[in-house]
Amino acid sequence: MTRPGTQVLPRRWWALLLGAGVILLVLGAVMAVTYSLAFVQRGETPGGLSLPFVDAYPTTTDVLLPPFGAFLVGGCLTFIGELQRRGAIVRGYGNNIALFRPLGLVMHAFWIVVSLAVWVAIVPLTLSKASLDQAASPSLSNLDGGSDVVFLLGVYGGLVGAITGALVGSWVKKAWYLRTEQRLGPPDPGTRSPGWWTFTYYWRADVWLVALGGLLLGVVPLPWFLGSTTAAVVTAGIGMVLAVAGLASSTQYRRSGMPLGTGSSLTGGATTEAGPDPTPTRRNRHRQP
């Protein structure tokens, strides 16, 4: 039952949203592989390329836009569909509140492994094969700092690295929270810290930090492969600092006073929600089962 002034968004479209989102994500992955291979081998294709949504003689940006468009739209649809499959979105009081069943730790870990496997296939395995080809035919090698191959590997390797980092940060946040809850019980919303509420709940900045660290760590093999040890070490160092900072702050989520399985849209103002004495209406709204 919802309170006056609130509205539960219909859940009947979750299957359609989720299905369309997954299809677009798969389509984006297929386009990313197909377009990238065709682009780096375009010198062997007389008359230019024949690919949907791009010109016969595309730029690097041209071959990135269609996959990323599919990733963006597909990701949004998948996110909303999966959220509604496992819960509900309540609209009211100037923002939207999501209440959902959190993904289990084992299944969460499975998606981390999948994401990591995709990254290994994109960056280390591709560079390993390129290294063998380069050794066999040094004169035909096109792997240098300005090559299209390295640029595309950096874009997709960094993207998957960021996704892997976000998954790891979210898993650590969830596991630490559940472990602490077993010892101390659920958090008391009345003792929430406004700072940690804003940082770890409203903005999810802890997970974003780990994702940014994952992005940098995801591209570390590229400067290393190109012989720039200094760039690799600096990139890895910054990535590790960001990831560790994000993971450390994710262990403080309990201090936000919020349970798992809830989130607030970036509208409505964080100041009111994060206040030391929230109104009973808002407090109860967050604690709906």
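# A guided tour, starting at tyrosine 156

Select tyrosine 156 to begin: with a relative accessible area of 9%, this residue is buried. Keep in mind as you look around that the model is predicted. Tyrosine 156 sits in helix H5. Now show what surrounds the side chain. Apart from neighbours within four places in sequence, tyrosine 156 is in contact with Ala32, Ser36, Val63, Leu64, Pro67, Phe68, Phe71 and Ile122. Pick out isoleucine 122 from that list: 34 residues separate it from tyrosine 156 in sequence, and the two C-alpha atoms are 7.4 Å apart in space.

**Zoom out for a moment**

How many helices and strands does the protein have? Colour by secondary structure and you can find 11 helices and 4 strands. The protein has 289 residues, and 39% of them count as buried. Take the contacts between residues at least 6 apart in sequence: 78% of these join residues at least 24 apart.

**Stop 1: two phenylalanines in H2**

Two of the contacts of tyrosine 156 were Phe68 and Phe71, so select them next, because they lie 3 residues apart in helix H2 (residues 60-86), about one helical turn from each other. A pair of aromatic rings is described by how far apart the centres are and by the angle of the planes. For phenylalanine 68 and phenylalanine 71, the centres are 6.1 Å apart and the planes are at 75 degrees, an edge-to-face pair. Is phenylalanine 68 buried or exposed? Neither label fits: it is partly exposed, at a relative accessible area of 30%.

Stay in helix H2 and move to glycine 74. Its relative accessibility is 0%, so glycine 74 counts as buried. Leaving out residues up to four places away in sequence, glycine 74 touches Gly21, Leu24 and Leu25. Leucine 17 is another residue to label here: its C-alpha atom is 9.0 Å from that of glycine 74, although their positions lie 57 residues apart along the chain.

**Stop 2: where H5 meets H7**

Two packed helices are described by the angle and the distance between their axes. Display helix H5 (residues 148-184) together with helix H7 (residues 205-218): their axes come within 6 Å and cross at roughly 140 degrees. The crossing of H5 and H7 is right-handed. Which residues make the contact? On the H5 side, select Gly157, Gly158, Gly161, Ala162, Gly165, Ala166, Gly169, Ser170 and Lys173; on the H7 side, select Asp206, Val207, Val210, Ala211, Gly214, Leu215 and Gly218. Sorted by type, the contact of H5 with H7 has 6 nonpolar, 8 polar and 2 charged residues.

**Stop 3: further along H5**

Tyrosine 177 is also found in helix H5. It is buried, with a relative accessible area of 4%. Not counting neighbours within four places in sequence, the contacts of tyrosine 177 are Pro187, Tyr253, Arg254, Met258, Pro259 and Leu260. For arginine 254, the C-alpha atom lies 6.3 Å from that of tyrosine 177, with the two residues 77 apart along the chain.

Next, select tryptophan 176 and arginine 179: the arginine lies over the face of the tryptophan, 5.9 Å from the ring centre. You can look for a similar arrangement at phenylalanine 39, where arginine 42 lies over the ring face at 4.0 Å from the centre.

**Stop 4: more aromatic rings**

Highlight the aromatic side chains of the model, where the count comes to 8 aromatic pairs. One of them is formed by phenylalanine 110 and tryptophan 111, edge-to-face, at 5.3 Å centre to centre and 70 degrees between the planes. Both residues are partly exposed: phenylalanine 110 has 44% relative accessibility, and tryptophan 111 has 43%. Then select Trp197, Tyr201, Tyr202 and Trp203, which form one aromatic cluster.

**Last stop: two unusual backbone angles**

Most residues other than glycine have a negative phi. Which phi does phenylalanine 53 have? It has a positive one, about 75 degrees, although it is not a glycine. Find phenylalanine 53 in the loop between helix H1 (14-40) and H2. It is exposed, with a relative accessible area of 69%.

Finish at arginine 204, in the loop between helix H6 (194-202) and H7. Arginine 204 also has a positive phi, about 55 degrees, and is not a glycine. At 26% relative accessibility, arginine 204 counts as partly exposed.

How values were computed. Residues numbered from 1 in each chain as written. Predicted model: local features only at pLDDT ≥ 70, side-chain atom pairs only at ≥ 80, totals over all residues. Heavy atoms only, no water. Axes fitted to C-alpha atoms, helices over the stretch in contact; angles between N-to-C directions. Left-handed = near helix turned anticlockwise from the far one by under 90°. Contact = heavy atoms within 4.5 Å. Nonpolar A, V, L, I, M, F, W, Y, C, P; charged D, E, K, R; others polar. Phe/Tyr/Trp six-rings, centres within 6.5 Å; stacked < 30°, edge-to-face > 60°. Buried < 20%, exposed > 50% of the residue type's maximum accessible area, 1.4 Å probe, protein only. Lys NZ or Arg CZ within 6 Å of the ring centre and 35° of its normal.
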